[in-house]
Amino acid sequence: MAVTRTPLIAGNWKMNLDHLQAVAFVQKLHWTLKDAKHDDDSVEVAVFPPFTDLRTVQTLLDADKIPFALGAQDVSAHDAGAYTGEISGAFLAKLDNRYVIIGHSERRQYHAETDEVVAAKVQAALRHGLAPVICVGETSEDLEKYGASAVPVGQLEVALEGVTADADIVVAYEPVWAIGSGQAATPEQAQDVCAKLRAVVAERLGEDAAARTRVLYGGSVKAANIASFMREPDVDGALVGGASLVVDEFAAIIRYQKHVGV
Ligand SMILES: O=C(CO)COP(=O)(O)O
């Protein structure tokens with residue numbers, strides 16, 4: 001069975017850009033891609049602004065018919081109630097969010113999110129019709145001790161507990177040592193781990209799910225290296241941090257095919 005997975009280029013803004021800056025950024029990105037006659041169907045673009053920007057960005061995407069998907073950077077494991085500061089998946093779904101990032105290493109590291117918390121958040125996202133972008137990745141200490149794939153594979157196995165075969169999920173392999181360091185993994189390293197993560201999806205959710213699930217690479221992705229990752233058969237896109245905040249750079253990443261020479 002021939003499988004075509006639409007590549008996904010996702011911009012995780014982290015704690016950057018307020019709602020006014022978000023409007024200027026999204027409009028400029030849209031114009032830049034239009035000027036370049038970018039084919040919107042060739043790749044799915046998603047932006048992940050801070051919570052306080054989501055309503056504004058949703059309204060802009062809708063009013064100007066901008067073909068970017070919207071996602072949040074986190075979600076509560078709970079649906080409603082006395083959880084001060086948390087955001088329900090129900091609220092995110094009401095704002096037309098298609099995606100939510102879950103288990104980013106910065107959440108695991110600064111907010112002590114365990115694999116079990118990540119799994120509960122994955123369930124919360126799916127309950128509300130949001131596609132979780134499940135982030136996994138090893139630290140440099142893990143890399144030294146266990147090699148590249150053992151920790152991310154273990155994290156994904158726990159995150160997929162209770163997930164059904166028909167679930168719409170995205171997996172993002174983000175080696176912690178590559179995030180914001182300027183030192184990306186090599187395309188071969190990314191391919192190796194992404195293939196192993198796809199095998200986990202196959203084992204847990206079946207071959208069909210593995211064939212349709214996008215597995216992204218993240219960690220110091222730039223316009224200059226995106227094409228090398230996208231050439232790998234098990235890398236279906238990128239989760240981009242710093243470079244997703246610079247319009248021309250992010251537009252060039254979205255237009256990576258221009259660099260592949262095909
Ligand atoms: O953490 C990341 C995306 O979620 C990657 O960040 P950088 O692209 O800044 O390395």
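Which residues lie nearest the centre of the largest pocket? Lys-14, Met-15, Gln-73, Glu-106 and Arg-107 do, as the first of the following close-up views of this predicted model sets out.

**Figure 1. The largest pocket and its lining.** In this predicted model, the largest pocket holds about 330 Å³ of space. Its lining consists of 13 residues, and those nearest the centre are Lys-14, Met-15, Gln-73, Glu-106 and Arg-107. Helix H4, residues 105-110, supplies three residues, the largest share of this lining. By class, the lining of the largest pocket comprises five nonpolar, four polar and four charged residues.

**Figure 2. The second largest pocket.** A volume of about 210 Å³ is found for the second largest pocket. Of the 18 residues that line this pocket, Lys-14, Gly-180, Ser-220, Gly-241 and Gly-242 lie nearest its centre. Nine of the lining residues of the second largest pocket are polar, five are nonpolar and four are charged. Lys-14 thus appears in this view as well as among the residues nearest the centre of the largest pocket.

**Figure 3. Lys-14 and Lys-65, two residues with positive phi.** Most residues other than glycine have a negative phi. Lys-14 has a phi near 55°, a positive value in a residue that is not glycine. Lys-14 is placed in the loop between strand E1 and helix H1 (19-35). With a relative accessible area of 22%, Lys-14 is partly exposed. Lys-65, likewise not a glycine, has a positive phi of about 50°. The loop between helix H2 and strand E3 contains Lys-65. Lys-65 is exposed, because its relative accessible area of 68% is over the 50% cut-off.

**Figure 4. The eight-stranded barrel and two helices packed on its strands.** Eight strands, in the order E1-E2-E3-E4-E5-E6-E7-E8, close into a barrel with parallel pairing. On average, neighbouring strands of this sheet are turned by 25° against each other, with direction ignored. Helix H11 (residues 247-254) packs on the sheet, where it touches strand E1 (8-12), strand E2 and strand E8 (237-240). The direction of H11 makes about 160° with that of E1. Helix H2 (residues 54-63) lies across strand E2 (44-48) and strand E3 (68-72), and H2 runs at about 165° to E3.

**Figure 5. Strand E5 and its two neighbours.** Is strand E5, residues 131-136, buried or exposed? Six of its six residues are buried, so E5 is largely enclosed by the rest of the structure. Ala-131, Val-133 and Cys-135 point one way from the strand, whereas Pro-132, Ile-134 and Val-136 point the other way; all of them are buried. Strand E4 (residues 99-102) runs parallel to E5 and is joined to it by four bridges. Within this pairing, Tyr-99 stands opposite Ala-131 of E5. Strand E6 (residues 170-173) also runs parallel to E5, and four bridges join these two strands. Cys-135 has Ala-172 of E6 as its bridge partner.

**Figure 6. Helix H7 and its packing.** Seven of the ten residues of H7 are buried, so this helix is largely enclosed by the rest of the structure. The buried residues are Val-151, Pro-152, Val-153, Gln-155, Leu-156, Val-158 and Ala-159. These buried residues of H7 pack against strands E5 and E6 and against helices H4, H5 (115-127), H6 (140-146) and H8 (187-205). H4 is also the helix that contributes the largest share of the lining of the largest pocket.

**Figure 7. Asp-166 in the loop between helix H7 and strand E6.** Asp-166 lies in the loop that follows H7 (150-159) and leads to E6. Asp-166 is exposed, with a relative accessible area of 63%. Between the C-alpha atoms of Asp-166 and Val-200 the separation is 15 Å, and the two residues are 34 residues apart along the chain.

**Figure 8. The largest cavity.** One cavity of 30 Å³ or more is counted in the model. The largest cavity contains about 30 Å³ of space. Leu-33, His-38, Asp-40, Val-43, Val-45, Pro-67 and Phe-68 form its lining. Five of the residues lining the largest cavity are nonpolar, one is polar and one is charged.

Note on methods:
Residues numbered from 1 in each chain as written. Predicted model: local features only at pLDDT ≥ 70, side-chain atom pairs only at ≥ 80, totals over all residues. Heavy atoms only, no water. 1 Å grid on protein atoms, 1.4 Å probe; cavity = no way out; pocket = protein on both sides within 12 Å on 5 of 7 lines; lining within 4 Å. Points joined across faces, edges and corners; volume = space filled by probe spheres on them. Nonpolar A, V, L, I, M, F, W, Y, C, P; charged D, E, K, R; others polar. Buried < 20%, exposed > 50% of the residue type's maximum accessible area, 1.4 Å probe, protein only. Pairing = 2+ DSSP bridges. Axes fitted to C-alpha atoms, helices over the stretch in contact; angles between N-to-C directions. Contact = heavy atoms within 4.5 Å.
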